[in-house]
Amino acid sequence: MIDYCRNISLRPYNTFGVDVMAAHLFHLKSPDQLQELLDFPAFKEMSGNMSQLLVMGQGSNILFTGDFQGVVVRNEITGIRVIDEDETSVVIEAGSGVIWNDLVDFAVSRGWWGIENLALIPGTVGAAPVQNIGAYGAEAADIILQVRAFHLQNREWLVLENSDCGFGYRDSIFKRELRNKTVICSVVFRLSKKGRPRLDYSGIREELDKKHVSEPSVMDISAAVASVRMSKLPDPAIIGNAGSFFKNPVVSESDYRRLQGAFAGIKAHRQGDQYKIPAAWLIEQAGWKGSREGNTGSYEKQPLILVNYGNATGQEILSFSEKIQESVFTMFGIILEREVNVR
Ligand code: EPU
């Protein structure tokens, strides 16, 4: 039987720790329970109005700004299995409710390459393709082979190949055309048995040098990534947050040249013929780093992360984020787009 609750607080189910109520909450533990979900009166009452549906993993990329009157499905489908293997690579399928870092540990402890730079990212396997999680020069799209999902309206199984997923920077088809329409049940990854370290990003090489590691294994790299993350990013179990609140803005070359003329210290990563500017830098320059307003604020060590110091409401956090957007726009003429989903 599917586990179901009515009128329940979502506070334990979102890493911002915002206290809102859900009218209906289902704990989906297996794809076999999908039929039961579809037959449930609360689900049928939505009668195709999919804005009333929210499929969640660990709730680590969402900000609730009020009670949720619809149906929340918490994805708790577990299991990791090897489905193919040869001399150079291994293909694994992971249930969408598997904790992302458990998958990283599973792979890294076996010496498999490809996922090590994504150590300690909060959230579940099923959420990884949705926003194409990324860190330290790697992203989920680099290793995803397939996403297996159930289309709730058409009542059919979908197998999306990597090229069908429309992956971009923190973007995919699951945020656009398939938004609120599918339940991702598993993700298939291809990892390599012989890998190449990717160390050029944000302090990973320095962390390995500190430990005198010159030829790092996957374990060394994932440990270095974990140390760097722990030194900069707040642990949501201690201080509520949802990681980066905004995306790093991508601007044209001419806009970047204009900004360089006006702001000497500005930096960017080149992306084809465009430039990705660190939102953290823009927010710091606009004076928000470490600032606090009531129960919310911009984290002192990484200003791109907004935090809940205690009993912040989603509205408070959202209003604070809008002030940051306004002042960054006034100062630089750049629109900061949210990375976190607001519901
Ligand atoms: N910076 C500042 N001031 C600060 C901190 C950073 O100016 O206080 C500037 C520096 O120039 C630094 C640059 O921002 O070089 C980039 O900072 P960092 O390496 O911390 O990464 P980020 O671009 O802010 C992105 C991801 C993170 C991911 C890190 C590490 C996005 C929106 N965020 O942050 O992902 O962990 O890179 O690779 O792309 C997330 O998506 O939730 C997330 C945490």
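Start by selecting Glu207 and Lys211: their side chains meet in a salt bridge, 3.9 Å from N to O. A salt bridge here is a side-chain nitrogen of Lys or Arg within 4 Å of a carboxyl oxygen of Asp or Glu. Color the pair by accessibility and you'll find Glu207 buried at 13% relative accessibility, while Lys211 is partly exposed at 40%. (Buried is under 20% relative accessible area, exposed is over 50%, partly exposed is in between, using a 1.4 Å probe and protein chains only.) While you have charges on display, pick Lys29, Arg74 and Glu76, which are joined into one network by salt bridges that share partners.

Before going on, keep in mind that this is a predicted model: local features need pLDDT of at least 70 and side-chain atom pairs count only at pLDDT 80 or more, while totals for chains, interfaces and linings use all residues. Residues are numbered from 1 along each chain as its sequence is written, and side-chain values use heavy atoms, with hydrogens and water left out.

**Next stop: two long-range pairs**

The structure has 17 salt bridges. Select Arg148 and Glu93, one of these pairs, with 3.3 Å between N and O. Arg148 sits in strand β10 (residues 144–151) and Glu93 in strand β7 (residues 89–95), so this contact ties together parts that are 55 residues apart in sequence. Helices (H or I, at least four residues) and strands (E, at least two) are DSSP runs, numbered from the N terminus. Arg148 is partly exposed, with a relative accessible area of 24%, whereas Glu93 is buried at 10%.

Now jump to Glu339 and Arg170, another salt bridge, whose closest N and O atoms are 3.8 Å apart. This one spans 169 residues: Glu339 is in the loop between α9 (314–332) and β20 (341–342), and Arg170 is in the loop between β11 (156–161) and β12 (182–192). Both Glu339 and Arg170 are buried.

**Over to the ligand**

Keep Glu339 selected and add Tyr136, Ser202, Glu284 and Lys289: those are the closest of the 25 residues that surround the ligand. A residue counts as near if one of its heavy atoms lies within 4 Å. What kinds of residues make up the shell around the ligand? Ten are nonpolar, six polar and nine charged. (Ala, Val, Leu, Ile, Met, Phe, Trp, Tyr, Cys and Pro count as nonpolar, Asp, Glu, Lys and Arg as charged, and the others, Gly among them, as polar.)

Zoom in on the polar contacts, meaning N or O atom pairs within 3.5 Å; within protein, one must be able to donate a hydrogen and the other to accept it, and residues adjacent in sequence count only if both atoms are side-chain atoms. Try these:

- Ser244: a polar backbone atom is 2.8 Å from a ligand oxygen.
- Asn248: a side-chain N or O atom is 2.9 Å from a ligand oxygen.
- Arg229: a side-chain N or O atom is 3.3 Å from a ligand oxygen.

Taken alone, the ligand exposes 820 Å², and the protein buries 83% of that; these areas come from the Shrake-Rupley method with a 1.4 Å probe, and for residues only the protein chains shown count as cover. To see which elements line the site, select β8 (134–135), α6 (218–232), β13 and α8 (279–285), each supplying at least two shell residues. The largest share, three residues, comes from α8.

**Last stop: an open sheet**

Follow β13 into its sheet, where four strands run in the order β13-β19-β18-β17 with antiparallel pairing. Strands pair if DSSP finds at least two bridges between them. The edges are β13 (240–244) and β17 (292–293), each pairing on one side only. Finish at Arg292, which stands opposite Gly297 in β18.
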